[in-house]
Amino acid sequence: MDRIVSLSELKQDGGKPKVDQAKIDGLTADLAAAIKGTYMWKGGRELKDKEPGQKLTIEPSLSNQDLIIGKSDNINVPKESFNSEKISSENSLSLGLEPLNLAFSILPKPSPSSENLNCWQPPKEPMDAQLLRILKDPESCSFRVYVGKYKFRCHLQVLQAHSKYFQDYEDVVSLRAHLPTDMVTPTAFHVIYNWMLDITKRPKGGCSMVEIYSATTFLKIDELLEFAFGCFNESCVSGSLAFGLFLEAQKFEISMFQFLMLSRIDEFFLPLVASKEFVQLDFYWVRELLSIHSIGVNSEIEIFMTAVRWLSYDWNARKILMEKIMGCVRFCLLPALFLRFLQGEHKTLVMNSICQSPKIREKVNKAFVYTSSELCDMTQRIFSLVKQFDTPEQRKWIFDKRCPYHRKPGGNQGQFFTYQQFLNYLESLHDSVPDYGS
């Protein structure tokens with residue numbers, strides 16, 4: 001291991017230094033420059049106060065013993081002497097500068113929210129017009145409605161805003177709905193959706209009010225249902241128009257609407273019986289029609305003959321319905337003379353089968369007792385039998401002066417005519433419908 005000697009030992013020996021004198025001189029010059037720089041930095045503020053030409057004196061702070069030279073020609077300078085002076089110099093210095101205003105911002109001050117920009121603003125399209133344009137655009141629709149083979153692109157929120165059916169629709173995640181064609185037609189849905197978009201103020205175009213009513217009934221759109229009922233409650237919706245709406249409604253499952261239209265037939269009943277549409281009706285609707293109080297006839301005999309006409313149209317298929325259809329006849333309103341006629345035998349197959357039926361024969365006999373009791377004073381025994389009958393409600397009696405067997409007032413108990421006479425009168429109604437008087 002090399003021994004480290006000091007510079008003083010080298011001089012005491014009187015010999016030449018073992019290190020290169022040029023290297024020592026260079027190190028000494030570097031050390032002096034470093035010391036000089038430190039003192040100048042430390043007294044920087046004092047140097048400013050010196051007058052020009054005044055000499056600056058620097059006292060060395062290092063002794064000869066501070067320099068240690070080894071055989072490896074490396075010189076170690078203690079760091080403690082430099083660090084201590086540097087720390088002390090930093091503590092003695094001050095910036096001497098005024099700090100900047102930290103609240104200063106180059107951005108303009110924001111104007112109050114109530115102020116308007118003092119610049120020209122282009123005219124703005126109303127929001128409702130923008131929204132309506134988006135709603136009308138099929139490309140922006142995400143919900144699909146299928147009606148038969150037709151597909152409609154819709155906004156679910158628009159459908160839910162008007163229809164309780166879509167409000168309660170459970171399969172919303174699938175973004176599609178299939179509507180039954182026996183309740184909703186493609187045309188009706190198209191018209192109704194345009195109404196929802198406020199394209200039309202009232203549903204119109206390409207479909208009838210029956211289609212609108214059926215669709216709104218299924219979709220549960222209260223506003224349109226109220227509108228439809230308002231249309232159907234017009235006084236002009238009666239007679240042949242009401243029956244036409246009834247036939248159109250048969251394509252849909254709206255039985256309440258059909259009942260409503262049947263109740264509006266009134267004085268159009270006999271012209272209806274004379275048509276082919278009547279004999280083609282189902283038993284269910286014929287029974288409902290004959291049970292209505294407001295249908296216009298001149299006597300209950302015409303109700304009985306009407307039932308015979310419907311049965312005769314397809315006797316083999318309808319004879320099993322004979323007793324049910326005759327249950328609509330109010331036998332107690334039939335004249336006693338006609339009831340007596342029903343108790344006898346008949347030449348035609350249909351009339352004879354009806355009158356020979358045990359259930360119908362029982363009704364005829366009881367009704368004959370009832371009507372006879374109104375014509376004369378009967379014993380208490382007959383009166384107890386009569387009490388089994390409830391007083392039947394009267395029909396809407398009408399009168400046609402062109403009819404040979406009509407009498408005033410309607411429902412006359414002395415009236416009597418045959419089935420052939422009834423058919424002859426119906427034939428005359430093909431030419432023109434009379435204006436019946438109540």
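## A three-stranded sheet

Strand β3 (residues 143-147) and strand β5 run parallel and are joined by four bridges. This pairing belongs to a predicted model, and every detail below should be read as part of that prediction. One residue pair shows how the two strands line up: Tyr 146 has His 178 in β5 as its bridge partner. On pairing in general, the strands of a sheet are held to one another through backbone hydrogen bonds, in either a parallel or an antiparallel arrangement.

Strand β3 also pairs with strand β4 (residues 150-154), and here the two strands run antiparallel, with five bridges between them. Phe 143 has Cys 154 in β4 as its bridge partner, while Val 147 stands opposite Tyr 150 in β4. The hairpin formed by β3 and β4 has two residues between the strands, and Gly 148 takes a positive phi there, near 65 degrees.

Taken together, these strands form an open sheet of three strands in the order β4-β3-β5, with mixed pairing. Strands β4 and β5 are the edge strands, as each pairs on one side only. From one strand to the next, the twist averages 20 degrees.

## The two faces of strand β5

In a regular strand, side chains alternate between the two faces of the sheet. Which residues of strand β5 (residues 176-179) point to the buried face? Ala 177 and Leu 179 point to one face and are buried. Arg 176 and His 178 point to the other face and are not buried. His 178 is also the bridge partner of Tyr 146.

## Helices α8 and α9

Helix α8 lies across β3, β4 and β5, and runs at about 15 degrees to β4. Helix α8 (residues 186-196) also packs with helix α9 (residues 209-219), at an angle of about 75 degrees and with the axes 9 Å apart. Since angles from 65 to 115 degrees count as roughly perpendicular, α8 and α9 are therefore described as roughly perpendicular to each other.

The residues that meet in this packing can be named on both sides. Helix α8 contributes Thr 187, Ala 188, Phe 189, Val 191 and Ile 192, and these meet Glu 211, Ile 212, Ala 215, Thr 216 and Leu 219 in α9. By class, the contact of α8 with α9 has seven nonpolar, two polar and one charged residues.

## Helices α16 and α23

At what angle do α16 and α23 pack? Helix α16 and helix α23 (residues 419-428) pack at an angle of about 85 degrees, with their axes 10 Å apart. This angle makes α16 roughly perpendicular to α23.

On the side of α16, the residues in the contact are Glu 302, Met 305, Thr 306, Val 308, Arg 309 and Ser 312; they meet Tyr 419, Phe 422 and Leu 426 in α23. The residues of this contact divide into five nonpolar, two polar and two charged.

## Two buried residues

Gln 258 lies in helix α12 (residues 255-262). Is Gln 258 buried or exposed? Residues under 20% relative accessible area count as buried, and Gln 258 is buried because its relative accessible area is 4%. Apart from neighbours within four places in sequence, Gln 258 is in contact with Phe 246, Ala 249, Gln 250, Phe 252 and Trp 285.

Cys 355 is found in helix α20 (residues 349-355). With a relative accessibility of 4%, Cys 355 also counts as buried. Beyond neighbours within four places in sequence, the contacts of Cys 355 are with Leu 342, Gly 344, His 346 and Arg 361. Cys 355 and Glu 345 are ten residues apart along the chain, and their C-alpha atoms are separated by 7.6 Å.

## The chain as a whole and its confidence

The chain contains 23 helices and seven strands. Of its 438 residues, 35% count as buried. Among contacts with a separation of 6 or more, 66% join residues 24 or more positions apart.

The average pLDDT of the chain is 78, and 72% of the residues score at least 70. Among the elements, helix α16 (residues 300-313) has the highest mean pLDDT, 96, and strand β1 (residues 68-69) the lowest, 42. The pLDDT is below 50 over residues 45-50, a stretch with three contacts in the model beyond near neighbours in sequence. It is also below 50 over residues 55-75, where the model has 31 such contacts. Where pLDDT is low, the predicted coordinates should not be read in detail.

Terms used: Residues are numbered from 1 along each chain as its sequence is written. This is a predicted model: local features need pLDDT of at least 70, side-chain atom pairs count only at pLDDT 80 or more; totals for chains, interfaces and linings use all residues. Side-chain values use heavy atoms; hydrogens and water are left out. pLDDT is the predictor's confidence in each residue, from 0 to 100. Contact means heavy atoms within 4.5 Å. Buried means under 20% relative accessible area, exposed over 50%, partly exposed in between (1.4 Å probe, protein chains only). Two strands pair if DSSP finds at least two bridges between them. Axes are lines fitted to C-alpha atoms, for helices over the stretch in contact, and angles run from 0 to 180 degrees between N-to-C directions. Angles under 35 degrees count as roughly parallel, over 145 as roughly antiparallel, 65 to 115 as roughly perpendicular and the rest as oblique. Ala, Val, Leu, Ile, Met, Phe, Trp, Tyr, Cys and Pro count as nonpolar, Asp, Glu, Lys and Arg as charged, and the others, Gly among them, as polar.
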